[in-house]
Amino acid sequence: MATWNSRGLRGSTFEDLINRTNEQYMEKNLALVQKIPTPITPVKMDKEHRQITLAYFEQRSTVDYIGAVQGIPVCFDAKECNADTFPLANIHPHQIEFMQRFERQNGVAFILIFYTKYNEYYYLTLRELMKFWKRMQEGGRKSFRKDELTAKYYLPQKGSFFVPYLDGISIDLAERD
């Protein structure tokens with residue numbers, strides 16, 4: 001069983017921006033996407049601050065978000081990276097399996113990466129992720145470099161949408177046709 005501590009909150013600002021984007025998409029009837037909470041069992045509590053200081057995950061999580069965009073099922077995970085190299089160890093085999101199964105059901109699965117060093121968001125398609133994953137499984141690099149990514153999938157802020165991932169979905173779907 002995995003344990004949780006404050007280290008697990010590293011992506012909370014990024015997730016806050018995604019949540020605010022999801023609210024905007026919902027208000028404009030563009031998408032309905034929700035954060036999937038990971039069930040935990042608290043072990044230690046800081047009673048003075050009413051905070052959980054140690055907990056166990058009850059089960060493995062699949063992805064952070066799931067929902068629908070104009071009738072298309074979507075699921076994605078949010079990851080932060082503060083370097084030019086993204087370690088594939090940040091993505092777990094059970095997540096890959098879930099995303100592959102999701103796409104076999106005609107859904108769209110992807111990873112959103114926030115490159116904190118550059119203040120840039122990237123939409124990583126499952127197809128692109130699988131190229132890096134396969135390379136790793138064949139004994140190659142256990143990471144990918146930022147300069148290996150496809151330029152058109154960077155997501156510049158657009159109006160009130162902090163992380164405009166619908167733009168990435170549009171490009172992703174157009175490439176599938």
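Here is a walk through this structure, from its overall layout down to a few side chains worth finding on screen.

Keep in mind that you're looking at a predicted model. The average pLDDT of the protein is 88, and 85% of the residues score at least 70. The weak spot to know about is at the start of the chain: residues 1–11 stay under 50 in pLDDT, and the model gives that stretch 18 contacts beyond four places in sequence. Take those contacts with the pLDDT of the stretch in mind.

Now for the layout. The protein has four helices and 10 strands, and if you trace them from the N terminus the order reads β-α-β-β-β-β-β-β-α-β-β-α-β-α. Of the 177 residues, 37% are buried. Among contacts with a separation of 6 or more, 64% come from residues 24 or more positions apart.

Helix 2 is a good place to zoom in. Why can you say that its length fits a helix? At 1.5 Å a residue, its 12 residues should span 16 Å, and the end C-alpha atoms sit 17 Å apart, which agrees. The helix has its buried residues at His94, Gln95, Ile96, Met99, Phe102 and Glu103. The cover over those residues includes strand 5 (65–69), strand 6, strand 8, helix 3 and helix 4.

Step just past the end of helix 2 and you meet Asn106, with a positive phi of about 70 degrees. Most residues other than glycine have a negative phi, so a positive one is worth a look. Asn106 belongs to the loop that runs between helix 2 (93–104) and strand 8 (108–115), and it counts as exposed because its relative accessibility is 66%. Asn29 makes a second case: its phi is near 55 degrees, again positive in a residue other than glycine. You'll find Asn29 in the loop between helix 1 (12–27) and strand 2 (31–35), and with a relative accessible area of 64% it is exposed.

Next, the aromatics. How many aromatic pairs does the model hold? The count comes to 16. Take Phe76 and Tyr165: their ring centres are 4.9 Å apart and their planes meet at 50 degrees, so this pair is tilted. This pair ties together distant parts of the chain, with Phe76 in strand 6 (residues 72–81) and Tyr165 in helix 4 (residues 165–176), 89 residues apart. Are these two residues buried or exposed? Phe76 has 0% relative accessibility and counts as buried, and Tyr165, with a relative accessible area of 0%, is buried as well.

Compare that with Phe132 and Phe144, whose ring centres are 4.4 Å apart with planes at 15 degrees, so the pair is stacked. Here, too, the pair links distant parts of the chain: Phe132 is in helix 3 (residues 126–137) and Phe144 in strand 10 (residues 143–145), 12 residues apart. Both Phe132 and Phe144 are buried.

Back to Phe76 and Tyr165 for a moment, as both belong to one aromatic cluster. The other members are Tyr25, Tyr65, Phe110, Tyr122, Tyr123, Tyr153, Tyr154 and Phe161.

Two other rings have a charge for company. The charged end of Lys146 sits over the ring of Tyr115, 5.5 Å from its centre. Lys146 also lies over the face of Tyr118, at 4.5 Å from that ring centre.

Helix 4 has another residue to pick out, Asp172. What makes Asp172 count as buried? Its relative accessible area is 0%. Leaving aside residues up to four places away in sequence, Asp172 touches Val108, Tyr123, Thr125, Arg127 and Tyr153. Tyr123 and Tyr153 are also members of the aromatic cluster.

Last, the cysteines. How many disulfides are there? The count comes to zero. Cys75 counts as buried, at 0% relative accessibility, and Cys81 counts as buried too, at 5%.

Key. Residues are numbered from 1 along each chain as its sequence is written. This is a predicted model: local features need pLDDT of at least 70, side-chain atom pairs count only at pLDDT 80 or more; totals for chains, interfaces and linings use all residues. Side-chain values use heavy atoms; hydrogens and water are left out. Helices (H or I, at least four residues) and strands (E, at least two) are DSSP runs, numbered from the N terminus. Buried means under 20% relative accessible area, exposed over 50%, partly exposed in between (1.4 Å probe, protein chains only). A disulfide is a pair of cysteine sulfur atoms within 2.5 Å. Rings of Phe, Tyr and Trp (its six-membered ring) pair if their centres lie within 6.5 Å; planes under 30 degrees apart count as stacked, over 60 as edge-to-face and the rest as tilted. A charge sits over a ring if NZ of Lys or CZ of Arg is within 6 Å of the ring centre and within 35 degrees of the ring normal. pLDDT is the predictor's confidence in each residue, from 0 to 100. Contact means heavy atoms within 4.5 Å. The expected span of a helix is 1.5 Å times one less than its number of residues.
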